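Open the model in your viewer and keep the selection tool at hand. Each stop below tells you what to pick and what is there.

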Amino acid sequence: MAGGHGALKPDPALERWNLMRENVYMHFKFTPAVTRKVLFWAGVVPVAAFYMAANQDYKWDWAGKTKNESAYRVPSPSSKTTTEEES
């Protein structure tokens, strides 16, 4: 191997950061600021993503649509299909 034992000089800042990261569970406390962040990222963001997905779920229908048909599940009354225009 390249070099012997102790050939690498450790960076003190990196060692402090590593020690802090390994022992974060012993020093972590829920403060009001941390609680707000946890509630936002664990509550508001997933609920908002679910709301947007559920809102769009039944709005679009891609199955069996041809080139000139609307992708909306319930097309607007002003849009007519080609069979209605031909008659």
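Which pattern does the chain follow, read along the sequence? The pattern is α-α-α-α. Colour by secondary structure and you should find 4 helices and 0 strands. Keep in mind that this is a predicted model.

**Stop 1: confidence**

Colour the chain by pLDDT. The mean for the chain is 83, and 80% of its residues reach 70 or more. Select residues 12-22, helix α1: confidence is highest here, at 95. Now select residues 82-86, helix α4: here confidence is lowest, at a mean of 55. Where pLDDT is low, predicted coordinates should not be read in detail.

**Stop 2: the whole surface**

Switch on the surface for the chain. Its accessible area comes to about 8,600 Å². Carbon and sulfur atoms account for 64% of that area. How much of the chain is made up of buried residues? Of the 87 residues, 1% are buried.

**Stop 3: a nonpolar patch**

Select Val 24, Tyr 25, Met 26, Phe 28, Phe 30 and Val 38. Together they make a nonpolar surface patch of about 670 Å². Which element gives the most to the nonpolar patch? Helix α2, residues 24-27, does, with 3 residues.

Stay with the patch and pick Phe 28. Phe 28 sits in the loop between α2 and α3, the latter spanning 32-57. Why does Phe 28 count as partly exposed? Its relative accessibility is 45%, and partly exposed covers values between 20% and 50%.

**Stop 4: aromatic pairs**

How many aromatic pairs does the structure hold? There are 2.

For one of them, show the rings of Phe 28 and Phe 30. They meet edge-to-face, 5.2 Å centre to centre, with 80 degrees between the planes. Phe 28 is partly exposed, as seen at the last stop. Phe 30 counts as exposed because its relative accessibility is 57%, and the cut-off for exposed is over 50%. Both rings also belong to the nonpolar patch.

Next, show Phe 40 and Trp 41. This aromatic pair is edge-to-face too: 4.9 Å centre to centre, 80 degrees between the planes. Is Trp 41 buried or exposed? Trp 41 is exposed, with a relative accessible area of 59%. Its partner Phe 40 has 38% relative accessibility, so Phe 40 counts as partly exposed.

Terms used
Residues are numbered from 1 along each chain as its sequence is written. This is a predicted model: local features need pLDDT of at least 70, side-chain atom pairs count only at pLDDT 80 or more; totals for chains, interfaces and linings use all residues. Side-chain values use heavy atoms; hydrogens and water are left out. Patches are made of residues with over 30% relative accessible area and no salt bridge: like charges are joined within 9 Å, nonpolar side chains (Val, Leu, Ile, Met, Phe, Trp, Tyr) within 5 Å. Accessible areas come from the Shrake-Rupley method with a 1.4 Å probe; for residues, only the protein chains shown count as cover. A salt bridge is a side-chain nitrogen of Lys or Arg within 4 Å of a carboxyl oxygen of Asp or Glu. Helices (H or I, at least four residues) and strands (E, at least two) are DSSP runs, numbered from the N terminus. Buried means under 20% relative accessible area, exposed over 50%, partly exposed in between (1.4 Å probe, protein chains only). Rings of Phe, Tyr and Trp (its six-membered ring) pair if their centres lie within 6.5 Å; planes under 30 degrees apart count as stacked, over 60 as edge-to-face and the rest as tilted. pLDDT is the predictor's confidence in each residue, from 0 to 100.
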